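Trainee: Please pick one residue, look at it closely, and then place it in the rest of the chain. I would like the reasoning spelled out where a cut-off decides the matter.

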Amino acid sequence: MSDATAKKEERRKFQAIKGTRDIRPPETALWNRVEQTAHEVFATFGYGEIRLPIFEPTELFARAVGGETDIVSKEMYSFPDRSLDAPAEILTVLELSTYLSGIHSAIEDGEIRRTEQNAKVIDRFLKEWEVFPAELKKQQGVVDISPLVPRLYTLLRAAQDVFDSVSLRPEATASVCRAYLEHGMQSLPQPVKLYYMGPMFRRERPQKGRYRQFYQIGAEVLGGTDAPAIDAEVIEMLMAFFDKLGLQGATLYINSIGHNADNCRRGYIEKLRTELAKIKDNLGPDSQRRIDTNPLRVLDSKLESEQPYIEKLPRIADHLCPDCAAHYAEVKRQLQVRGVLYQENWRLVRGLDYYMRTTFEITAPGLGSQNAVCGGGRYDGLVELLGGPPTKGIGFAIGEDRLILSLQECGKGQVQQGRDVYIAWMGEKAYAAAIHAAKDLRKAGFSVELPPLEQKFGKALGQADKLGAKYALILGDNEVSEGLWTLKTLSTGEQAKFPEPDLLEFLRQQKNVSS
Ligand code: AMP
């Protein structure tokens with residue numbers, strides 16, 4: 001292999017990890033527009049932004065998202081918080097004792113948290129530590145460790161489990177609820193309305209609109225009442241956001257999944273299970289499994305052959321308790337009052353117990369099979385599940401990557417690009433004038449390209465074209481000594497001369513006309 005090829009091979013090794021990508025200019029301008037619009041629209045509804053950690057204890061997600069879900073059981077990026085790994089082989093007393101002392105001080109310093117999961121192992125470790133020979137603790141070498149070895153070995157293995165597992169967040173509702181409790185937000189005026197944006201991580205099979213690092217914009221309303229007006233306003237805000245972005249063809253689907261009681265969802269699930277058992281042989285293996293584990297999830301199935309059977313299954317709307325039925329009817333009425341169009345979709349369910357009543361999803365065109373741009377719902381049991389008091393909650397998460405894709409597909413993806421002014425300069429005096437002109441123009445908010453090296457005017461104008469500049473300001477020594485600057489409009493080729501002070505005014509006026 002030649003040196004050059006070897007170097008090329010070297011370079012090839014570094015690529016973004018599968019399912020992750022670089023979002024580059026000019027597309028980032030669209031991302032910024034979307035995020036800016038979210039800040040503006042959500043603020044008009046009284047929401048405040050919360051910035052959350054990218055990683056949290058694995059346990060938080062296991063608890064909030066559910067240990068049985070695909071997200072937690074298969075898709076999370078989890079790793080131990082600290083790498084005080086047990087040495088592969090304990091060769092000397094010193095190594096053993098250093099390792100164990102390390103664990104001991106980590107416990108003492110509170111670096112190993114006493115979670116439910118950890119408590120047993122920590123207690124066992126401390127008990128063993130008590131009876132540990134003092135010589136070993138002090139790291140003095142010459143002790144016969146052979147009688148201790150089997151016991152220590154188990155201890156080492158157990159101790160390893162102690163280190164907290166942390167995970168890159170697969171979603172942010174759990175973190176928002178954690179933060180609500182951690183900062184005593186229950187004592188603020190209720191409800192507390194928060195929104196967030198940022199990357200989420202799930203180890204899914206990548207495809208169009210599905211990534212392993214993807215971005216969500218989400219909002220949560222916590223505390224206070226569960227009045228249907230809250231549900232309706234959350235959805236109204238979402239639609240106002242999509243509207244402001246110019247997203248076309250978005251469809252809102254809503255449903256109510258009642259609450260977890262025998263006369264409501266639990267009763268329905270039992271009926272569903274009974275009906276599913278009757279048609280079991282016509283279902284695929286996934287759905288067959290779910291009859292036992294989570295029958296509601298069968299309704300999510302996209303498998304063509306199952307559809308005729310699923311369509312005939314009992315519907316939850318016919319099994320809601322009177323309170324949940326009234327709540328749902330009022331949410332629909334309030335959506336109508338707010339002029340929000342919706343379609344009902346009885347198959348829109350969420351497989352976790354703490355979800356209740358309103359669920360919704362928004363699809364958008366141009367996305368292929370991954371056409372959901374937003375999912376949301378009411379989750380009144382979640383804060384309690386995380387150790388807090390009973391707290392009402394509702395929220396949504398928008399898939400920003402998909403929203404961007406759909407905006408691009410419907411022709412709303414363009415963001416003004418290119419420079420306003422390219423300064424073509426030649427000569428020392430002209431350069432000094434160019435630097436000042438650039439400074440003044442930038443201060444006034446124009447985007448300006450000032451080339452670092454002198455170039456012939458022809459070349460400079462070509463460059464200005466390539467960068468998509470609107471105007472070229474032509475500054476030669478003549479212009480500077482005459483005090484008359486030449487401005488060329490690149491789209492028309494028109495040229496005009498201005499005294500320096502008039503130029504800024506002219507550009508300002510043009511900007512106002514076009515915006
Ligand atoms: P969820 O948190 O699963 O309810 O998802 C909410 C929204 O996030 C979905 O409607 C999608 O738009 C988006 N989303 C979820 N997973 C991914 C992914 N792997 N890649 C891109 N977007 C995603």
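Mentor: Gln307 counts as buried because its relative accessibility is 17%, and the cut-off for buried is under 20%. This is a predicted model, and every value below is computed from it. Gln307 belongs to helix α13, which covers residues 307–311. Setting aside neighbours within four places in sequence, its contacts are Ser301, Lys302 and Arg347.

Now the chain around it. The chain has 515 residues, and 46% of them count as buried. Its secondary structure amounts to 20 helices and 16 strands. Among contacts with a separation of 6 or more, 72% join residues 24 or more positions apart. The exposed surface of the chain is about 27,000 Å², with 51% of it supplied by carbon and sulfur atoms.

Arg357 can be read by the cut-off used for Gln307. Arg357 is buried because its relative accessible area is 10%, which is under 20%. Arg357 sits in strand β9, residues 356–363. Its backbone deserves a look too: phi is near 55°, a positive value in a residue that is not glycine.

A helix can also be judged residue by residue. In α9, 8 of the 10 residues are buried, so the helix is mostly covered. Those buried residues are Thr173, Ala174, Ser175, Val176, Cys177, Arg178, Ala179 and Tyr180. They pack against β2 (55–57), α3 (58–66), β5, β6 and α15 (382–385). After α9 comes Gly184, where phi is positive, near 55°.

The loop between α9 (173–182) and β5 (192–201) contains Pro191. The peptide bond leading from Gln190 to Pro191 is cis, with omega near -5°. Another cis peptide bond joins Pro25 and Pro26, with omega about 5°. Pro26 is placed in the loop between α1 (3–12) and α2 (27–44).

Cys177, one of the buried residues of α9, has a relative accessible area of 0%. Cys324 is also buried, again at 0%. What is the distance from Cys324 to the nearest cysteine sulfur? The sulfur of Cys321 is 3.6 Å away, and Cys324 is in no disulfide. The reason is the cut-off: a disulfide needs two cysteine sulfur atoms within 2.5 Å. Across the structure, the number of disulfides is 0.

Next, the ligand. It is surrounded by 15 residues, and the closest are Arg202, Glu204, Tyr211, Gln216 and Ala372. By type, the shell divides into 6 nonpolar, 4 polar and 5 charged residues. Two of the closest residues also place polar side-chain atoms by the ligand. An N or O atom in the side chain of Glu204 is 2.6 Å from a nitrogen atom of the ligand. For Gln216, a polar side-chain atom lies 3.0 Å from a ligand oxygen atom. Gly399 takes part through its backbone, where a polar atom is 3.4 Å from an oxygen atom of the ligand. Taken alone the ligand exposes 490 Å², and the protein buries 86% of that. The elements giving two or more residues to the shell are β6 (213–222), β10 (372–378) and β11 (393–399). The largest share, 4 residues, comes from β10.

Tyr211, one of the residues closest to the ligand, leads to a last residue. Tyr211 is in contact with Asp401. Asp401 lies in helix α16, residues 400–409. Asp401 counts as buried because its relative accessibility is 4%. Leaving aside neighbours within four places in sequence, Asp401 touches Arg21, Trp31, Phe214 and Tyr215 as well as Tyr211. With Tyr215 there is a polar approach: a polar atom of the Asp401 side chain lies 2.7 Å from the backbone nitrogen of Tyr215.

To return to the start, Gln307 is buried at 17%, while Asp401 is buried at 4%. Gln307 is in helix α13, and Asp401 is in helix α16.

Note on methods
Residues numbered from 1 in each chain as written. Predicted model: local features only at pLDDT ≥ 70, side-chain atom pairs only at ≥ 80, totals over all residues. Heavy atoms only, no water. Buried < 20%, exposed > 50% of the residue type's maximum accessible area, 1.4 Å probe, protein only. Near = heavy atom within 4 Å. Polar contact = N/O pair within 3.5 Å; in protein donor to acceptor, adjacent residues only side chain to side chain. Areas by Shrake-Rupley, 256 points an atom, 1.4 Å probe, with all protein chains shown as cover. Nonpolar A, V, L, I, M, F, W, Y, C, P; charged D, E, K, R; others polar. Contact = heavy atoms within 4.5 Å.
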